[in-house]
Amino acid sequence: MKIRLAILSFVAVPTLFLTSCNNDDAPANTTQDTAAVSVEFAHKYGTDALILGQEYTTSLNEHITVGSIKYIVSNISLTRADGTVYTYPKSKSYFIVSHSKRAPLGISLADIPVGDYTKINFGIGVDQAQFNLGAAGQGDFLAAAQAEEMLWSWSAGYKFIAYDGTYSSENVADALPFSIHTGKTSTDDNYGTVTLTLPQTLQVRKGQTPGIHLATDVSKIIDGATKINLTQIDDQGTGATIMGGAMAPVVTHNMEGAFSVSEVHNN
């Protein structure tokens with residue numbers, strides 16, 4: 001399952017929905033050759049393609065079904081072979097990735113300077129500097145986040161990750177809901193950062209549209225570097241919820257380890 005960061009359509013696989021902020025930046029430097037670069041996501045659960053509603057078993061022997069997974073990708077940059085970094089314009093660098101059944105939508109990273117790139121870097125969530133611009137400084141992204149339910153309220157802030165479904169276990173015979181929604185809190189920033197080395201050089205050339213294929217293993221959100229036991233979190237027996245507290249940074253760290261590069265294509 002793929003999303004090319006341009007408006008695309010795919011069939012026969014579940015889809016991803018990408019929404020971005022459309023603020024206009026200054027015109028591109030026309031003296032330098034540039035090209036568009038696509039970034040594609042494929043959601044997995046472990047080694048399998050993610051299927052919403054299908055039951056999966058965690059390493060703690062809890063059985064979960066995924067109902068929805070959304071997260072914000074931001075502040076994309078590409079590292080060149082010589083170690084210098086090209087940072088995508090900040091006002092255009094906020095996207096909502098959602099696994100859904102709708103037709104996939106997306107964007108292309110436009111006007112990337114030609115060259116050879118060896119790493120991709122991005123954030124998970126919205127950084128404090130962007131939030132400090134106020135509601136008026138969010139451009140189209142604020143409305144996009146509201147439409148995708150990735151904003152509690154302006155005062156409460158953005159949801160960086162929204163992961164929902166049901167779970168059962170040896171001690172929970174009938175499936176109960178789980179809801180993991182993270183964002184900035186009064187005690188923790190919860191903004192994640194990801195740097196991935198490309199398995200081969202991304203060659204950006206004028207007139208071509210190369211691409212990076214990323215895989216997101218959503219199982220790692222609760223079954224990553226730190227294992228999260230939903231049964232223990234659900235101390236009331238009504239459902240497991242993480243929306244702050246000590247477990248939110250754990251989710252952030254787990255999510256940072258959920259991404260990998262499956263392929264780079266140059267054409």
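Guide: Welcome! The strands and helices named here are DSSP runs, numbered from the N terminus, with at least two residues in a strand and at least four in a helix. The structure above is a predicted model.

Visitor: Thanks! What average pLDDT does the protein have?

Guide: pLDDT is the predictor's confidence in each residue, on a scale from 0 to 100. In this predicted model, 86% of the residues score at least 70. Over the whole protein, the average pLDDT is 88.

Visitor: Over which residues does pLDDT stay under 50?

Guide: Where pLDDT is low, the predicted coordinates should not be read in detail. One such stretch has 62 contacts beyond four places in sequence in the model, and another has 10. These stretches are residues 1–16 and residues 22–30.

Visitor: Let's turn to K159. Between which strands is its loop?

Guide: One neighbouring strand covers residues 157–158 and the other covers 161–169. K159 is found in the loop between them, so to place it by the definition of strands as numbered DSSP runs, we name β11 and β12.

Visitor: Which side chain of opposite charge is nearest to K159, and how far away is it?

Guide: K159 is buried yet has no salt bridge. A salt bridge needs a side-chain nitrogen of Lys or Arg within 4 Å of a carboxyl oxygen of Asp or Glu. The nearest side chain of opposite charge does not meet that cut-off, because it belongs to E149, at 5.9 Å.

Visitor: Which backbone oxygen lies 3.4 Å from a polar atom of the K159 side chain?

Guide: Leaving out residues up to four places away in sequence, K159 touches I72, E149, M150, L151, W152, H181 and T182. One of these residues has its backbone oxygen 3.4 Å from a polar atom of the K159 side chain, and that residue is E149.

Visitor: Is E149 itself buried or exposed?

Guide: E149 sits in the loop between α2 (141–147) and β10 (151–153). Its phi is near 55°, a positive value in a residue other than glycine. Because its relative accessibility is 57%, E149 counts as exposed.

Visitor: N190 has a positive phi too. Is N190 buried or exposed?

Guide: The phi of N190 is near 60°, and N190 is found in the loop between β13 (172–182) and β14 (192–204). With a relative accessibility of 8%, N190 counts as buried.

Visitor: How many residues of strand β7 are buried?

Guide: In a regular strand the side chains alternate between the two faces of the sheet. In β7, Y94, I96, S98 and S100 point one way and F95, V97 and H99 the other way. Strand β7 is largely enclosed by the rest of the structure, because its buried residues number 7 of the 7.

Visitor: In β7, which residue is the bridge partner of I69?

Guide: Strands β5 and β7 run antiparallel, joined by 6 bridges. In β7, the bridge partner of I69 is H99.

Visitor: Which residue forms a salt bridge with K90?

Guide: Side chains of opposite charge can pair when their charged atoms come close. For K90 and its partner, the closest N and O atoms are 2.9 Å apart. The pair links distant parts of the chain, 37 residues apart, with K90 in the loop between β6 and β7 and the partner in the loop between β9 and α1. K90 is partly exposed at 34% relative accessibility, whereas buried, at 11%, is D127.

Visitor: Which residue meets D116 in a salt bridge?

Guide: The N to O distance in this salt bridge is 2.8 Å. It joins distant parts of the chain, 89 residues apart: D116 is in strand β9, and its partner is in the loop between β14 and β15. D116 is partly exposed at 31% relative accessibility, and also partly exposed, at 32%, is R205.

Visitor: S59 sits in the loop between β4 and β5. With which side chain does the side chain of S59 make a polar contact?

Guide: Leaving aside neighbours within four places in sequence, S59 is in contact with D223 and K227. Those two residues form a salt bridge with each other, their closest N and O atoms being 3.4 Å apart. K227 is partly exposed at 42%. The polar contact of S59, at 2.5 Å, is with the side chain of D223.

How values were computed: Residues numbered from 1 in each chain as written. Predicted model: local features only at pLDDT ≥ 70, side-chain atom pairs only at ≥ 80, totals over all residues. Heavy atoms only, no water. Buried < 20%, exposed > 50% of the residue type's maximum accessible area, 1.4 Å probe, protein only. Lys, Arg positive; Asp, Glu negative; His and termini not counted. Polar contact = N/O pair within 3.5 Å; in protein donor to acceptor, adjacent residues only side chain to side chain. Contact = heavy atoms within 4.5 Å. Pairing = 2+ DSSP bridges.
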